[in-house]
Amino acid sequence: MAMLQVTDLEVSYGMIQAIKGISFDVKQGEVIALIGANGAGKTTILHTVTGLLKSKSGKIEFEGKDITKLAGNKIVSLGMAHVPEGRRVFADLSVLENLRLGAYTRKDKQEIEDTLQMIYKRFPRLEERKSQLAGTLSGGEQQMLAMGRALMSHPKIILMDEPSMGLSPIFVSEIFDIIKEISAGGTTVLVVEQNAKKALSIANRAYVLETGKIVLNGAAKELLENDSVKKAYLGE
Amino acid sequence: MGILQNILEQVINGLRSGSIYALIALGYTMVYGIAKMINFAHGDIIMVGAYALYVGLAIFHLPAVGAVLLSIAICTILGVGIERIAYKPLRSAQPLAVLITAIGVSFLLQSLSLLIFGATPIPQASIVGFDGIKIGGISISGITIVTLIVTTICMASLTWFINKTKLGSAMRAVSEDKGAAELMGIDVNKTISLTFAIGSALAAIAGILYVCQYQSLKPTLGAMPGIKAFVAAVLGGIGSVPGAMLGGIILGLIESLSKAYISTELSDAIVFGILVLVLLIKPSGLLGKIRKEKV
């Protein structure tokens with residue numbers, strides 16, 4: 001059984017249909033990439049899955065539970081965390097406050113503390129800057145904070161939206177290394193990326209999205225060799 | 001009495017009215033921060049708070065503490081109710097619709113109070129029993145002392161709540177980015193309700209302190225302190241909690257000093273003139289900031 005199962009999803013912004021009936025699934029332990037050009041609907045899909053947007057029709061199931069109509073703030077406690085596009089850290093809050101908000105729905109203080117230490121170990125820079133306001137961090141550091149904040153909820157699956165956007169090449173590689181680590185730690189990953197090459201290099205499977213439809217899917221390795229993918233997304 | 005004592009007395013008066021403005025300004029600024037709207041009915045919550053005190057004392061014959069608690073409870077429920085009924089359905093509407101609704105709610109509250117209590121001002125004696133003190137030739141009234149103590153406690157506990165508690169950081173998160181806050185599992189609607197509750201409770205306290213000073217009730221009593229507190233919030237930087245406190249105190253001081261040394265008639269003109277000046281020089285207000293996008 002898939003951990004996350006999306007079936008015939010349709011999403012509209014007013015009159016404009018952004019997602020035109022897509023289905024995909026993510027199995028436990030996988031790294032799945034959704035790739036596609038700007039405006040293909042990648043972010044819309046993630047926002048609909050985590051309840052920030054309402055779908056027009058279709059079904060979203062997480063661990064067998066129908067979450068299609070669930071409010072956004074109820075999703076995280078089920079074990080699904082979302083690292084939004086543009087990072088969206090709380091700029092006026094300190095790094096530590098941002099991280100603690102990631103654990104907002106968790107109750108056990110000791111467990112939260114343990115997760116925090118684990119995140120500090122993975123992102124030492126966040127510990128160095130824990131009392132700094134998040135808005136003063138560099139783009140790459142903010143991305144780390146957004147990831148750390150999502151991990152504070154101790155998710156089973158983490159959804160990442162354009163984690164490499166606007167980062168310097170060094171940071172991009174670092175971010176993808178971290179995604180690999182997160183996956184190795186047992187968390188399932190669904191990553192949306194414009195950087196198709198990087199995304200396909202760490203994913204097990206991938207879906208290619210074009211103007212609201214899935215046009216191609218399969219093993220990431222195969223897609224890397226696929227001629228139309230090469231032409232359209234890998235710049236070869 | 002020496003000139004120094006006189007100035008000090010005016011400063012203390014200014015601090016008294018300024019701290020009341022600050023308390024009201026907090027409601028404007030917190031609601032603006034979280035709901036991105038100017039709640040023009042906020043001033044009328046002050047009026048409701050003052051009348052509720054009167055109802056508690058004169059009609060239900062409650063002890064002063066009971067009447068104060070009744071007033072706070074009524075305003076809190078009213079504030080939350082107004083948000084639920086009038087503002088929440090308009091959350092994604094254009095700002096002008098929300099603004100007009102807020103003005104409508106303001107008229108509604110004033111008209112209701114006119115209907116229930118009539119237009120004739122009702123005298124309401126101060127609930128502060130003691131007469132005050134005299135230090136070094138400066139006399140400070142009882143209500144001034146109570147006002148300064150109560151407002152200081154309110155502002156200190158609010159600051160602590162916003163900066164040190166989990167709910168407080170949730171509130172700041174919602175005011176910065178509702179979507180991201182929701183992803184953290186924060187219930188945005190409840191957080192907005194909580195903000196209205198806190199703002200309205202502070203308005204009730206301000207209303208009580210205000211009426212204890214001026215000792216008269218009328219349906220429009222909230223209008224002037226309301227608009228001045230709004231000015232204070234803008235002066236301090238709308239959306240900024242320390243800004244509202246600072247703006248309120250500064251406004252009170254300017255008002256009191258210009259009344260005493262320049263002209264009573266012109267004091268309001270001076271107050272609003274200074275607002276215009278500050279906004280010309282620093283449009284975001286004294287402690288407000290213009291957020292820059294970071295890539």
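Helices and strands are DSSP runs, with at least four residues (H or I) for a helix and at least two (E) for a strand, numbered from the N terminus. The legends below refer to a predicted model.

**View 1. The loop that holds H154(A).** H154(A) sits in the loop that connects α6 (139-151) with β7 of chain A. The phi angle of this residue is near 55°, which is positive although the residue is not a glycine. H154(A) counts as partly exposed, because 19 C-beta neighbours fall inside 10 Å and the buried class begins at 20.

**View 2. The loop that holds T211(A).** T211(A) belongs to the loop between β9 and β10 of chain A. Here too a residue other than glycine has a positive phi, in this case near 35°. The surroundings of T211(A) contain 14 other C-beta atoms within 10 Å, so the residue is partly exposed.

**View 3. The six-stranded sheet of chain A.** Six strands of chain A form an open sheet with mixed pairing, in the order β6-β7-β8-β3-β9-β10. The edge positions are taken by β6 (80-83) and β10 (213-219) of chain A; each has a single partner strand, so one side of each has no neighbour in the sheet. From one strand to the next, the twist averages 15°. Within this sheet, β7 (residues 157-161) and β8 (residues 188-193) of chain A are paired in the parallel sense through five bridges. One of the bridge partners is T188(A) in β8(A), which is matched with I157(A).

**View 4. Two helices across the sheet.** Helix α1 (residues 42-49) of chain A lies across β3 (31-36), β6, β7, β8 and β9 (205-210) of chain A. The angle between α1(A) and β7(A) is about 145°. Helix α7 (residues 169-184) of chain A lies across β3, β7 and β8 of chain A, and runs at about 155° to β8(A). Eight of the eight residues of α1(A) are buried, so this helix is largely enclosed by the rest of the structure. The buried residues of α1(A) include K42(A), H47(A) and three threonines, T43(A), T44(A) and T48(A). I45(A), L46(A) and V49(A) of α1(A) are buried as well. Just after α1(A), G51(A) has a positive phi of about 85°.

**View 5. Surroundings of T188(A).** T188(A) is a residue of strand β8 of chain A. T188(A) is buried, because 22 other C-beta atoms lie within 10 Å and 20 are enough for that class. Apart from neighbours within four places in sequence, T188(A) is in contact with M3(A), V26(A), Q28(A), G29(A), E30(A), K156(A) and I157(A). Of these contacts, I157(A) is also the bridge partner of T188(A). G218(A) is 30 residues from T188(A) along the chain, and the C-alpha atoms of the two are separated by 17 Å.

**View 6. Antiparallel pairing around β4 of chain A.** Strand β1 (residues 4-13) and strand β4 (residues 57-62) of chain A run antiparallel and are joined by five bridges. In this pair, E10(A) has S57(A) of β4(A) as its bridge partner. β4(A) is also joined to strand β5 (residues 65-66) of chain A, by two bridges and again in the antiparallel sense. F62(A) is bridged to K65(A) of β5(A). The hairpin of β4(A) and β5(A) has two residues between the strands, and E63(A) in that hairpin takes a positive phi near 50°.

**View 7. Chain B and its annotated spans.** Chain B has eleven helices and four strands. Its radius of gyration is 19 Å, close to the 19 Å from the globule rule for 295 residues, so chain B is as compact as a globular protein of that length. The C-alpha trace of chain B spans about 60 × 45 × 35 Å along its principal axes. Of the 295 residues in chain B, 48% are buried. Among contacts in chain B with a separation of 6 or more, 74% link residues 24 or more positions apart. An unreviewed UniProt entry places the feature "transmembrane region" at several spans of chain B, including residues 138-162 and 260-281. Residues 138-162 of chain B are 84% helix and 16% strand, with end C-alpha atoms 36 Å apart. For residues 260-281 of chain B, the end C-alpha atoms lie 27 Å apart, and the span is 77% helix and 0% strand.

**View 8. The contact between chains A and B.** Chain B gives 18 residues to the contact and chain A gives 22 residues. On the side of chain B that touches chain A, α6 (166-176) and α7 (178-183) of chain B are the elements that give two or more residues. α6(B) gives the most to that side, with five residues. By class, this side of chain B has eight nonpolar, three polar and seven charged residues.

Methods. Residues numbered from 1 in each chain as written. Chains lettered and ligands numbered in written order. Predicted model: local features only at pLDDT ≥ 70, side-chain atom pairs only at ≥ 80, totals over all residues. Contact = placed C-beta atoms within 7 Å. Nonpolar A, V, L, I, M, F, W, Y, C, P; charged D, E, K, R; others polar. Rg over C-alpha atoms; globule rule 2.2 N^0.38 Å. Buried ≥ 20, exposed ≤ 12 C-beta atoms within 10 Å, placed from the backbone. UniProt positions renumbered as here; feature names shortened; annotations may be inferred. Pairing = 2+ DSSP bridges. Axes fitted to C-alpha atoms, helices over the stretch in contact; angles between N-to-C directions.
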